[in-house]
Amino acid sequence: MAGIVIVGLQWGDEGKGKITDYFASQADCVVRYQGGNNAGHTIVIGEKKYKLHLIPSGVLQNKKVVIGNGVVVDPAVLLKEIEMLRQHNIEPDLMVSDRANVIMPFHRMLDGAEETLLGSKKVGTTKRGIGPCYSDKIARRGIRMHDLLNEEEFREKMERIMPIKQRILEVYGLEKIDEEKLIEEYLAYGKELGKYIGDTIYFLNSIIDEKEVLFEGAQGTLLDIDYGTYPFVTSSNPVTGGICTGAGISPKKIKRIIGVAKAYVTRVGMGPMPTEEKGKIGDFLAEKGGEIGTTTGRRRRCGWIDLVALKYACMINGVDEIALTKLDVLDGLEEIKVCIAYEYEGKEITNFPSSIKILEKCKPVYDTLPGWDGVKGKKKYDELPLNARKYVEYISDWLKTSIGVISTGPAREDTIKMES
Ligand code: IMP
């Protein structure tokens with residue numbers, strides 16, 4: 001037994017929640033290793049739709065779920081999510097890393113204030129305080145989950161960091177924080193969450209050789225702080241490498257990497273997106289695909305599949321197989337475009353550029369394939385329309401990566417598992 005990874009290959013929202021839910025049935029434990037409640041996973045089971053932001057989707061299969069040290073945790077959000085699950089008669093078997101950094105109110109305030117100051121040059125963050133929390137972690141002034149369990153230590157840490165925070169809030173023109181109230185509030189979270197907080201690193205390493213552990217990525221490769229379209233990225237490493245640092249697992253323990261890609265592309269927030277379609281096609285994909293953000297309610301930008309970016313993502317993550325999602329959304333289109341190169345200053349390039357200034361100037365070079373109808377709800381590969389199969393095979397051949405799973409609708413059952 002070993003680690004299996006579900007990782008996003010585009011700008012997030014690839015449908016990882018559904019794919020994780022699908023693979024979770026075989027797993028013993030599901031782990032988040034980065035990000036925070038900027039993520040939004042929608043999982044449809046029967047008539048019910050669940051929206052999870054922090055707790056790994058495997059919780060819906062009653063699996064052990066772990067929030068790793070690389071995650072940033074907003075305790076109020078975590079408590080709300082636990083409560084929501086209880087209302088659905090799910091008692092989460094949850095463990096939260098004592099090393100995970102805590103999102104504090106000033107992180108959310110500063111996230112919003114920085115975005116406002118950046119004006120039209122903003123990142124378009126989820127304003128959940130993710131960037132400021134990771135900044136404090138790296139600057140060695142973060143609060144970690146274990147700090148909430150010990151009043152003396154917590155007070156000591158707060159005494160150390162609050163003068164800096166109050167000063168920064170003042171510079172930003174934000175209201176001063178009532179420190180005592182804040183300390184009381186977070187100590188109360190510690191009391192409520194205490195039974196879940198523990199050393200997830202020892203726990204995960206104690207089970208990974210015997211049990212199947214599923215690592216659930218949030219966001220996607222093109223939003224990765226190192227590999228994405230910097231600075232229009234999130235502040236963590238969603239890529240598979242992030243598992244080692246975000247969960248304390250050796251790369252040797254990871255045996256299977258499933259990359260999740262939508263049959264088209266979407267992105268929320270700002271930043272370059274070479275295949276974006278602003279007209280009719282964009283509207284068609286947004287409407288049919290229900291492309292409204294789970295976390296912020298913002299409409300996602302939509303466009304054709306970008307194989308240059310996907311190939312780059314497959315390389316960085318070492319993808320063994322792709323789970324291709326939302327293929328049914330393309331039902332009814334006469335023709336479908338596939339981006340196979342970028343044109344930059346009169347030349348064709350096939351490497352994903354590191355500079356967004358270059359990426360912004362890249363024009364997609366397309367191959368056009370015939371469309372189809374009737375993918376929705378299909379459960380077997382043979383039942384797919386011929387042109388849809390040709391599309392799947394085109395992508396697989398081009399990326400030299402097999403497609404292991406195809407999603408043909410939002411429900412758990414609308415899934416094709418390919419024979420290997
Ligand atoms: P942050 O993660 O809130 O700092 O936002 C940084 C960028 O990542 C913004 O463009 C967000 O829209 C984007 N982002 C963050 N989380 C997600 C996600 O789960 N799906 C898609 N985009 C996300």
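The legends below describe close-up views of a predicted model. Residues are numbered from 1 along each chain as its sequence is written, and side-chain values use heavy atoms, with hydrogens and water left out. Local features need pLDDT of at least 70 and side-chain atom pairs count only at pLDDT 80 or more, whereas totals for chains, interfaces and linings use all residues.

**View 1. The largest nonpolar core and the surroundings of Phe215.** The largest nonpolar core (a set of buried Ala, Val, Leu, Ile, Met, Phe, Trp, Tyr and Cys residues joined through side-chain atoms within 4.5 Å; buried is under 20% relative accessible area, exposed over 50% and partly exposed in between, with a 1.4 Å probe and protein chains only) has 54 residues, and those with the most contacts inside it are Leu9, Phe215, Leu327, Leu330, Tyr391 and Ile406. The largest share of this core, 6 residues, comes from helix H12 (residues 386-399), where helices (H or I, at least four residues) and strands (E, at least two) are DSSP runs numbered from the N terminus. Leaving aside neighbours within four places in sequence, Phe215 is in contact (heavy atoms within 4.5 Å) with residues including Ile4, Ile6, Tyr33, Ile243 and Ile249.

**View 2. Helix H2 and its two sides.** Helix H2 (residues 75-87) has 13 residues and reaches 18 Å from its first C-alpha to its last, close to the 18 Å expected at 1.5 Å a residue, a span taken as 1.5 Å times one less than the number of residues. The buried residues of H2 are Pro75, Leu78, Leu79, Glu81, Ile82 and Leu85. They cover an arc of only 160° around the axis, which puts them on the same side of H2; the arc is that of the directions from the helix axis to the C-beta atoms. On the other side of H2, Lys80 and Gln87 are exposed. The elements against which the buried residues of H2 pack include strand S4 (48-52), strand S7 (93-97) and helix H6 (179-193).

**View 3. Two loop residues with positive phi.** Asn89, in the loop between H2 and S7, has a phi near 60°, a positive value in a residue other than glycine, and at 74% relative accessibility Asn89 counts as exposed. Lys127, which lies in the loop between helix H3 (105-118) and helix H4 (130-138), likewise has a positive phi of about 60°, but Lys127 is partly exposed, with a relative accessible area of 45%.

**View 4. A cis peptide bond before Pro231.** Tyr230 and Pro231 are joined by a cis peptide bond with omega about 10°, and Pro231 is found in the loop between strand S10 (213-216) and helix H8 (241-247).
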